[in-house]
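I opened my notebook beside the model today and went through helices, charged pairs and a few single residues. Here is what I looked up, entry by entry.

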Amino acid sequence: MSDSSPVPSATPASPVRPVLDVWCELQCPDCRTALEDVRALRARYGDRLEVRLRHFPLEKHTHSFAAAQAAEEALEQGKGWEYVEAVLNRVERLDRAGEPFLVEVAGELGLDAEEFDTALIDGRHILIVDADQAEGKAIGVTGTPTYVIDDQRLDGGKSQEGLRERIEEIADRLLAAADA
């Protein structure tokens, strides 16, 4: 989920906060495993760390591109992370049911399911997904999940072990430098 709004300038009233980009694919079982770490990081840092979902749909997963577009629609309707978690928690169902499942999850979360269906048909979020995927390829993302913080790429597709601790070390360092 990309936010293309300008980054606020660093002033005492609005300090620039560190950004953690989470390159994810909603049909990826490893990304479901990574949810625990992402939840923990969001809980620990709150608004002090901007955690952004970045899309990296993989060709081997038939419904991943549609799922990325659906996540963008959920963001637009105000429940981006809730939607992402709901889909990832049932990745096997997405494998079997495809796009109707994406619309069903939207309805379960109280989102406008009809608008979801329309968004998947008209492709209004394709450019965002394409841009994320292109940027990911440009910086060397090859699989999901992959994390980028302070220009450091951490590959969670091979193993999640130790990644949350590494991200916390970097985030703590960045936050301490911002507070200094």
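**Entry 1: ground rules.** I took helices as DSSP runs of H or I with at least four residues, numbered from the N terminus. I also kept in mind that this is a predicted model.

**Entry 2: D122.** Where does D122 sit? I found D122 in helix 6, which covers residues 113–122. Buried or exposed, I wondered about D122 next. With a relative accessible area of 44%, D122 is partly exposed, since that class lies between the 20% and 50% limits. Its side chain has a partner too: the side chains of D122 and R124 make a polar contact at 2.8 Å.

**Entry 3: helix 6 and its neighbour.** I stayed with helix 6 and turned to helix 5, residues 99–108. Their axes come within 8 Å and cross at roughly 150 degrees. I noted the crossing of helix 5 past helix 6 as right-handed. On the helix 5 side, E99, L102, V103, A106 and G107 make the contact, and on the helix 6 side A113, F116, D117 and L120. Sorted by class, the contact has six nonpolar residues, one polar and two charged.

**Entry 4: helix 2 against helix 3.** I wanted the same description for another pair. How do helix 2 and helix 3 pack? Helix 2 spans residues 64–76, and I logged an angle of about 145 degrees with helix 3, the axes being 7 Å apart. A70, A71, A74 and L75 of helix 2 meet G80, Y83 and V84 of helix 3. By class I wrote down six nonpolar residues, one polar and no charged ones.

**Entry 5: how covered is helix 3?** I checked burial along helix 3 and found it mostly covered, with eight of its nine residues buried. Those buried are G80, W81, Y83, V84, E85, A86, V87 and L88. E85 caught my eye on that list, as a charged residue. The relative accessibility of E85 is 16%, so it falls under the 20% limit and counts as buried.

**Entry 6: the partner of E85.** Which residue does E85 pair with? E85 forms a salt bridge with R42, and their closest N and O atoms are 3.9 Å apart. This pair links distant parts of the chain, with E85 in helix 3 (residues 80–88) and R42 in helix 1, 43 residues apart. R42 has 33% relative accessibility and counts as partly exposed.

**Entry 7: more salt bridges from helix 1.** I followed helix 1 for further pairs. R32 and E92 meet through their side chains in a salt bridge of 2.9 Å, N to O. R32 belongs to helix 1 (residues 29–45) and E92 to helix 4 (residues 91–97), so this pair ties together parts 60 residues apart in sequence. Both ends are partly exposed: R32 at 24% and E92 at 37%.

R44 was my next stop, and its side chain meets that of E168 in a salt bridge at 3.1 Å, N to O. Here R44 is in helix 1 and E168 in helix 8 (residues 163–179), so the pair ties together parts 124 residues apart in sequence. R44 is partly exposed at 41%, whereas E168 is buried at 16%.

**Entry 8: the salt bridge tally.** How many salt bridges does the structure hold? My count reads 17. I also came across a network of salt bridges that links D21, R52, R54, D132 and E135.

**Entry 9: E25.** I looked for E25 and found it in the loop between strand 1 (19–24) and helix 1. At a relative accessible area of 1%, E25 is buried. What surrounds E25, beyond four places in sequence? Its contacts are C31, F56, P57, L58, H61, S64, L88 and T144. I checked L88 in that list: E25 and L88 are 63 residues apart in sequence and 8.8 Å apart in space, C-alpha to C-alpha. The E25 side chain makes a polar contact with the H61 side chain at 2.6 Å, and it reaches the backbone nitrogen of Q27 at 2.8 Å.

**Entry 10: H63.** My last stop was H63, in the loop between strand 2 (50–55) and helix 2. H63 has a relative accessible area of 19%, and is therefore buried under the 20% limit. Setting aside residues up to four places away in sequence, H63 touches Q27, L94, D95, G98 and E99. I had met E99 already, in the contact of helix 5 with helix 6.

Methods:
Residues are numbered from 1 along each chain as its sequence is written. This is a predicted model: local features need pLDDT of at least 70, side-chain atom pairs count only at pLDDT 80 or more; totals for chains, interfaces and linings use all residues. Side-chain values use heavy atoms; hydrogens and water are left out. A salt bridge is a side-chain nitrogen of Lys or Arg within 4 Å of a carboxyl oxygen of Asp or Glu. Helices (H or I, at least four residues) and strands (E, at least two) are DSSP runs, numbered from the N terminus. Buried means under 20% relative accessible area, exposed over 50%, partly exposed in between (1.4 Å probe, protein chains only). A polar contact is a pair of N or O atoms within 3.5 Å; within protein, one must be able to donate a hydrogen and the other to accept it, and residues adjacent in sequence count only if both atoms are side-chain atoms. Axes are lines fitted to C-alpha atoms, for helices over the stretch in contact, and angles run from 0 to 180 degrees between N-to-C directions. Contact means heavy atoms within 4.5 Å. A crossing is left-handed if the near helix is turned anticlockwise from the far one by less than a right angle, and right-handed if clockwise.
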